[in-house]
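The following exercises invite the reader to examine a protein model step by step. Each task is followed by a worked solution.

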Amino acid sequence: MTTTTTSPTIAVLASDVADRIAAGEVVERPASVVKELVENALDAGATVIDLDVREGGRALIRVSDDGHGMDRANAARAVERHATSKIRDAEDLVGVLSFGFRGEALPAIGSVSQLTIETSTEDGAGVTVEVAGGTLRDVRGTARQRGTSVSVASLFYNTPARQKFLRGARSEWRAIADAITMLALVRRDVRFTVTHDGKEQMRLPVAASLRVRVAALWGNDVAERLVSVDDVAGPIRVSGLVERPTDVGTAARRTFLTVNGRAVRDTGIVRAAEAAYRSTITAGMRPSVLLEVELPGGEVDVNVHPAKAEVRFRDRWHVERAVERAVRRALGTEDSAATVGYVRTFLPTEPSFGSPLGVESLRQAPLVEPAPLFDDASSDATPRDAPRATEAGEQILVPPLAQFHRTYITFERPDALVLIDQHSAHERVLYERFMRALEGGESSSQRLLFPLTMHLTPAEAEAFEADREFFSKLGYEAEGFGGTSILVRAVPAPHPRFDAERCLRDSLAALTGDRESGVIARHERLAATVACKAAIKSGDLLAPEEMRALYVALARTTLPAHDVHGRATILQLGWDELDRRFGRR
Ligand SMILES: Nc1ncnc2c1ncn2[C@@H]1O[C@H](COP(=O)(O)OP(=O)(O)OP(=O)(O)O)[C@@H](O)[C@H]1O
Ligand SMILES: [Mg+2]
């Protein structure tokens, strides 16, 4: 076959064309310009950053800082490609601490906009640099204070294809607000003000903690309801704030993650954090998690993504386990118990947290021997991942308790009236005990004097057959007895009121049908189902020793404040809230 087309000639692109193409990687939309400029300001040591945006950033983005500024020579060099003051050679890339290091951002932005940099290294004499469409237009002296202001006007004016892809001003503005929110969460030591179309949108004073910054961004109510995470596993430290299980799903989900102070996206880590919520929320629900991971610089590579939004870990598995454990521990603390109103006031300083509350106070004050009804005979071991769980055998101090409505057990603490839901609480106790039994621990089983014959429906018989091994670990010893009947020789004996036959029947009925609901492991689902059926019910009148025993058993669980279906076991009603409702303040 002959062809008439001549072989195409290869030509090196004019550098301004190449720059415009490359710019696409760094500058996708106005929000990416904001991110780059604010990161530059932070790298320059700014303590105050003002952002002024017009028309969603399409007309103007201006970032002013009080950082170290640039002298005349540096200011002109800053807009050249691969011009950076932050690294000198490839080795510096390992464990790089500044946000920037590529020397790409300013030239990329300058190639697709009208860029003006005003900068000064000390109050008084400064310099103005103007770039339009990648060409240096002017360098002239200006008077200004120490610091730098970078204005980006008419973004993408010379790249119509890109401009066409911009969304409406409101949507670009939202993306900018998200970008600045991320940076403001990372750098609480910097004061930010943000203006859009002449209206002030954010004013964020320096914040002493992540929680205080969250309060400034999203309100006290949001900040108050989050649970503190702080855990160290080997060289990995995980801290931050996560949503209370009982709040999950009530508001828009927020995620925020930093690795060594750099905001990143990482679905693996977010999933690990979510995994920590298992058995406290309905599978598939998405909690808000704001987490900061710190690890030695050599363990993480930040230079794998053009916008540095992703990182690579040398040992991802350990990082994810550390995150999961840290969040799990946070959910085991008193802070994670449901509240009505503000139980604590933490602003403006965080350390007022940690007053004896909920779970911790569950574990204090008059000594009582656990009564047999809830005595956790099979649980000599402290739950494995319980950080502050009391040692078994250690006596737990129980405050005066009262039962109300045959459903709730109440007691008081210095800062709150506390209510325990007797069924949910007992369910949590039994769930953890059953899980230990299923994972190889001892179960308490009682041999029946007269074996019991149970007639099951075909579906129930099938459910029993499928989970037979688990049932036997829970203490049900049974065998087929022709057709769909089974002969039960031994049953679990978790407490004297336990109705073994009814529990087995109800559990099998609940287990039929949703066999493949996936997500939670089968034995977790089985333990949850049987715990629910085996637990005391609302409406059961409890004797004082029974209440105390339940209290003690609950205090010994890993996640005392949460039942296994995403509901609360403990509700704290703050005195502050009561006072407010009675008009006392
Ligand atoms: N606000 C600022 N204050 C002081 N110096 C600045 C400021 N912005 C930029 N610079 C200087 O200009 C240089 C180039 O900035 P640019 O953002 O293009 O590259 P970078 O920050 O080094 O790397 P990256 O492309 O990864 O952001 C910086 O290395 C810094 O020296
Ligand atoms: Mg930069």
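The exercises below concern a predicted model and treat its sheets, its helices and one serine.

**Exercise 1. Determine the strand order of the open sheet of 5 strands, and state which strands stand at its edges.**

Solution.
Step 1. The order of the strands is E16-E23-E19-E18-E17, and their pairing is mixed.
Step 2. Strand E16 (338-340) and strand E17 (402-404) are the edge strands, since each of them pairs on one side only.
Step 3. On average, and with direction ignored, neighbouring strands of this sheet are turned by 30° against each other.

**Exercise 2. Follow the pairings from E17 to E18, from E18 to E19 and from E19 to E23, and give the number of bridges in each.**

Solution.
Step 1. E17 and E18 are paired in the antiparallel sense over 3 bridges. Within this pair, Ala-402 stands opposite Thr-410 in E18.
Step 2. The hairpin of E17 and E18 has 3 residues between the strands, and His-405 takes a positive phi near 60° there.
Step 3. E18 and E19 run antiparallel and are joined by 6 bridges. Here Arg-413 stands opposite Ala-416 in E19, and the hairpin between E18 and E19 passes through 2 residues.
Step 4. Strand E19 (residues 416-421) pairs with strand E23 (residues 570-574) in the antiparallel sense over 5 bridges. In this pairing Leu-417 faces Leu-573 of E23 as its opposite residue.

**Exercise 3. Describe helix H12: its span, its ends, its burial and its packing.**

Solution.
Step 1. H12 comprises residues 422-438, which are 17 residues. From its first C-alpha to its last it reaches 24 Å, close to the 24 Å expected at 1.5 Å a residue.
Step 2. At the N-terminal end, Asp-421 acts as the cap: one of its side-chain oxygens lies 3.0 Å from the backbone nitrogen of His-423.
Step 3. Just after H12, Gly-440 takes a positive phi of about 110°.
Step 4. A residue is counted as buried under 20% relative accessible area. By this criterion 17 of the 17 residues of H12 are buried, so the helix is largely enclosed by the rest of the structure.
Step 5. H12 packs on the sheet, where it touches E17, strand E18 (408-413) and E19. The direction of H12 makes about 65° with that of E19.

**Exercise 4. Establish how helix H17 lies on the strands and which of its residues are buried.**

Solution.
Step 1. Helix H17 (residues 544-555) lies across E17, E18, E19 and E23, and runs at about 70° to E18.
Step 2. The 12 residues of H17 reach 17 Å from the first C-alpha to the last, close to the 16 Å expected at 1.5 Å a residue.
Step 3. H17 is mostly covered, with 9 of its 12 residues buried. Among them are Glu-546, Met-547, Tyr-551 and Leu-554.

**Exercise 5. Analyse the open sheet of 3 strands and explain why one side of each edge strand has no neighbour.**

Solution.
Step 1. The strand order is E20-E22-E21, with antiparallel pairing.
Step 2. Strand E20 (445-455) and strand E21 (477-480) stand at the edges; each has a single partner strand, so one side of each is left without a neighbour in the sheet.
Step 3. From one strand to the next, the twist averages 15°.
Step 4. E21 is joined by 4 bridges to strand E22 (residues 485-492), and the two run antiparallel. Gly-480 stands opposite Ile-486 in E22.

**Exercise 6. Classify the crossing of helices H13 and H15, and name the residues that make the contact.**

Solution.
Step 1. Helix H15 (residues 500-511) lies across E20 and E22 and runs at about 55° to E20.
Step 2. The axes of H15 and helix H13 (residues 458-466) come within 9 Å and cross at roughly 95°.
Step 3. Angles of 65 to 115 degrees count as roughly perpendicular. H13 and H15 are therefore roughly perpendicular to each other.
Step 4. H13 contributes Glu-460, Ala-463 and Phe-464 to the contact, and H15 contributes Leu-504, Arg-505, Leu-508 and Ala-509.

**Exercise 7. Decide whether Ser-111 is buried or exposed, and find what its side chain reaches.**

Solution.
Step 1. Ser-111 belongs to helix H4 (residues 105-111).
Step 2. The relative accessible area of Ser-111 is 1%, and the residue is therefore buried.
Step 3. The side chain of Ser-111 reaches the backbone oxygen of Ala-108 at 2.8 Å.

How values were computed. Residues numbered from 1 in each chain as written. Chains lettered and ligands numbered in written order. Predicted model: local features only at pLDDT ≥ 70, side-chain atom pairs only at ≥ 80, totals over all residues. Heavy atoms only, no water. Expected span 1.5 Å × (residues − 1). Buried < 20%, exposed > 50% of the residue type's maximum accessible area, 1.4 Å probe, protein only. Polar contact = N/O pair within 3.5 Å; in protein donor to acceptor, adjacent residues only side chain to side chain. Pairing = 2+ DSSP bridges. Axes fitted to C-alpha atoms, helices over the stretch in contact; angles between N-to-C directions. Contact = heavy atoms within 4.5 Å. Parallel < 35°, antiparallel > 145°, perpendicular 65-115°, else oblique.
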